[in-house]
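Colleague: I'd like to get better at reading how helices pack. Could you walk me through an example?

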Amino acid sequence: IALFVRDNFIRPYFGDVLVASLLCCFARAFFPLDNYSIKIKAVWGVPLSIFIFSVFIEFCQYFNYVDRLGLGNIEFFRIVMGTGFALEDIWCYAAGCVAFFVIEYFIRRKV
């Protein structure tokens with residue numbers, strides 16, 4: 001999305017929602033739940049962890065961590081790791097994690 005879409009909604013907002021949701025899916029592959037677990041305590045662990053990780057990375061962007069790591073002159077790392085802090089991104093990460101939680105909870109309820 002960062003490389004090919006240049007608009008005012010998909011790239012800055014929906015992209016962050018999608019990334020948070022996809023990170024939750026990736027983490028769930030490594031930390032699966034049993035088929036009968038629909039308890040909120042069991043389901044919320046991955047989305048909460050991904051949200052905390054995302055907020056941490058966003059605050060690292062505030063302190064220009066890409067440049068401090070010496071990777072600022074490499075475009076790949078500037079795109080993948082991010083270079084600009086935005087409070088709106090945190091709301092988007094929260095929306096992506098909540099969407100993952102809600103979808104997973106209701107899917108597991110029907111299993």
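Modeller: Sure. Start with helices H3 and H6, which are roughly antiparallel to each other. Keep in mind that this is a predicted model.

Colleague: What angle and what axis separation go with H3 and H6?

Modeller: They pack at about 165°, and their axes are 9 Å apart. Angles over 145 degrees count as roughly antiparallel, so that is the label for H3 and H6. As for handedness, H3 passes H6 in a right-handed crossing.

Colleague: Which residues make the contact between H3 and H6?

Modeller: On the H3 side you have Val46, Pro47, Ile50, Phe51, Ser54, Val55, Glu58 and Phe59. H6, which covers residues 87-110, brings in Asp89, Ile90, Tyr93, Ala94, Cys97, Phe100 and Phe101.

Colleague: And how do the residues of that contact divide by character?

Modeller: The H3 contact with H6 has 12 nonpolar residues, 1 polar and 2 charged.

Colleague: Let's stay with H3. How would I check its length against its number of residues?

Modeller: Work with the rise of 1.5 Å a residue: the 18 residues of H3 should span 26 Å, and its end C-alpha atoms are indeed 26 Å apart, so the two agree.

Colleague: Which residues of H3 are buried?

Modeller: Buried here means under 20% relative accessible area. In H3 that picks out Val46, Pro47, Ile50, Ser54, Val55, Glu58, Cys60 and Gln61. Tyr62, also in H3, is another story: its relative accessibility is 52%, so Tyr62 counts as exposed. Going C-alpha to C-alpha, Tyr62 is 9.9 Å from Gly82, with their positions 20 residues apart in sequence.

Colleague: What comes after H3, as far as backbone angles go?

Modeller: Look at Asn64, which follows H3 and has a positive phi, near 55°.

Colleague: Now H1. At what angle does H1 pack on H3?

Modeller: H1 (residues 10-30) and H3 (residues 45-62) pack at about 125°, with 9 Å between their axes. That angle makes H1 oblique to H3. The crossing of H1 past H3 is right-handed. H1 contributes Ala20, Leu23, Cys24, Ala27 and Arg28 to the contact, while H3 contributes Val46, Pro47 and Ile50. Sort the residues of that contact by character and you get 7 nonpolar, no polar and 1 charged.

Colleague: Can we zoom in on single residues of H1? Is Asp16 buried or exposed?

Modeller: Asp16, found in H1, has a relative accessibility of 14%, so Asp16 counts as buried. To see what surrounds a residue, set aside its neighbours within four places in sequence; for Asp16, that leaves contacts with Asp89, Cys92 and Tyr93.

Colleague: And Phe26, buried or exposed?

Modeller: Phe26 also lies in H1, but at 54% relative accessibility Phe26 counts as exposed. Its C-alpha atom is 9.7 Å from that of Val46, 20 residues away along the chain.

Colleague: Let's step back to the whole chain. How many helices and strands does the protein chain have?

Modeller: There are 6 helices and 0 strands, so the order of elements from the N terminus on reads α-α-α-α-α-α. Of the 111 residues in the protein chain, 32% are buried.

Colleague: What share of the contacts joins residues at least 24 apart?

Modeller: Take the contacts between residues at least 6 apart in sequence: 62% of them join residues at least 24 apart.

Conventions. Residues numbered from 1 in each chain as written. Predicted model: local features only at pLDDT ≥ 70, side-chain atom pairs only at ≥ 80, totals over all residues. Heavy atoms only, no water. Axes fitted to C-alpha atoms, helices over the stretch in contact; angles between N-to-C directions. Helix = DSSP H or I, 4+ residues; strand = E, 2+ residues; numbered from the N terminus. Parallel < 35°, antiparallel > 145°, perpendicular 65-115°, else oblique. Left-handed = near helix turned anticlockwise from the far one by under 90°. Contact = heavy atoms within 4.5 Å. Nonpolar A, V, L, I, M, F, W, Y, C, P; charged D, E, K, R; others polar. Expected span 1.5 Å × (residues − 1). Buried < 20%, exposed > 50% of the residue type's maximum accessible area, 1.4 Å probe, protein only.
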